[in-house]
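Trainee: I would like to go through this model with you and ask, label by label, what justifies each term. Could we set every value against its definition?

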Amino acid sequence: MDFQHRPGGKTGSGGVASASESNRDRRERLRQLALETIDINKDPYFMKNHLGSYECKLCLTLHNNEGSYLAHTQGKKHQTNLARRAAKEAKEAPAQPAPEKVKVEVKKFVKIGRPGYKVTKQRDPETGQQSLLFQVRAGFKLSLSEFSRCHCC
């Protein structure tokens with residue numbers, strides 16, 4: 001009798017993998033493929049919580065490992081939530097017009113120039129008395145208002 005074409009009957013085949021083993025193998029292959037193509041750190045919905053598990057902020061789902069999260073991102077629930085979010089943002093975007101730049105007028109000041117006088121505090125070395133020395137530029141008139149601004153002592 002020929003056992004060659006029966007499942008698990010081939011010599012040295014090790015038998016047929018169980019459903020759980022084949023699922024585990026498939027999940028591992030998907031995880032490896034997704035890790036090669038997707039950078040988790042750039043995913044705006046990916047978050048690692050304080051317990052060490054992974055969360056999808058879009059779908060509010062918890063995942064034990066990165067492979068589970070990556071499989072979730074390829075799934076129906078995540079894809080429909082992405083589409084729903086994109087539609088919502090597209091709907092809200094035209095309602096808000098781009099803000100126009102407000103032109104602020106720059107205040108223009110009249111430059112007066114250098115003051116016509118210089119005030120220096122002095123101390124007499126012999127008596128220790130303080131005084132003010134006013135040095136006025138030639139052709140400059142001091143009024144009483146200039147003196148009243150200098151209430152240093």
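Trainee: Which strand holds Gln-122, and what makes that stretch a strand?

Mentor: Gln-122 lies in β4, residues 117-123; helices (H or I, at least four residues) and strands (E, at least two) are DSSP runs, numbered from the N terminus. The model is a predicted one, in which local features need pLDDT of at least 70 and side-chain atom pairs count only at pLDDT 80 or more, while totals for chains, interfaces and linings use all residues. Residues are numbered from 1 along each chain as its sequence is written, and side-chain values use heavy atoms, with hydrogens and water left out.

Trainee: Why is Gln-122 called partly exposed?

Mentor: Buried means under 20% relative accessible area, exposed over 50%, and partly exposed in between (1.4 Å probe, protein chains only). Gln-122 has a relative accessibility of 36%, so the residue counts as partly exposed.

Trainee: How do you know that β4 pairs with β5?

Mentor: Two strands pair if DSSP finds at least two bridges between them, and β4 and β5 (residues 130-136) have seven, in the antiparallel sense, so the criterion is met. Tyr-117, for instance, has Val-136 in β5 as its bridge partner. The C-alpha atoms of Gln-122 and Leu-133 are separated by 6.9 Å, although the two residues are 11 apart along the chain. Six residues lie between the strands of this hairpin, where Gly-128 takes a positive phi near 80 degrees.

Trainee: What makes the other sheet an open one, and which are its edge strands?

Mentor: Three strands form that open sheet in the order β1-β2-β3, with antiparallel pairing. The edge strands are β1 (46-48) and β3 (61-63), since each pairs on one side only. Neighbouring strands of the sheet are turned by 30 degrees against each other on average, direction ignored; axes here are lines fitted to C-alpha atoms, for helices over the stretch in contact, and angles run from 0 to 180 degrees between N-to-C directions. Between β2 (residues 54-56) and β3 there are three antiparallel bridges, and the partner of Tyr-54 in β3 is His-63.

Trainee: Why are Cys-56 and Cys-59 not called a disulfide?

Mentor: A disulfide is a pair of cysteine sulfur atoms within 2.5 Å, and the sulfur of Cys-56 is 3.8 Å from its closest cysteine sulfur, in Cys-59, which is therefore too far for a bond. Accordingly, the structure holds zero disulfides. Cys-56, with a relative accessible area of 1%, is buried, and Cys-59, at 9% relative accessibility, also counts as buried.

Trainee: What makes the largest pocket a pocket, and how is its lining decided?

Mentor: On a 1 Å grid over the protein atoms alone, a cavity is a set of points where a 1.4 Å probe fits but cannot get out, whereas a pocket is an open set with protein on both sides within 12 Å along at least five of seven lines; lining residues have an atom within 4 Å of a point. Under that definition, Arg-24, Arg-27, Glu-28, Arg-31, Asn-65, Gly-67, Ser-68 and Ala-71 line the largest pocket. The elements giving two or more residues to this lining are α1 (19-37) and α2 (66-73), and α1 gives the most, with four.
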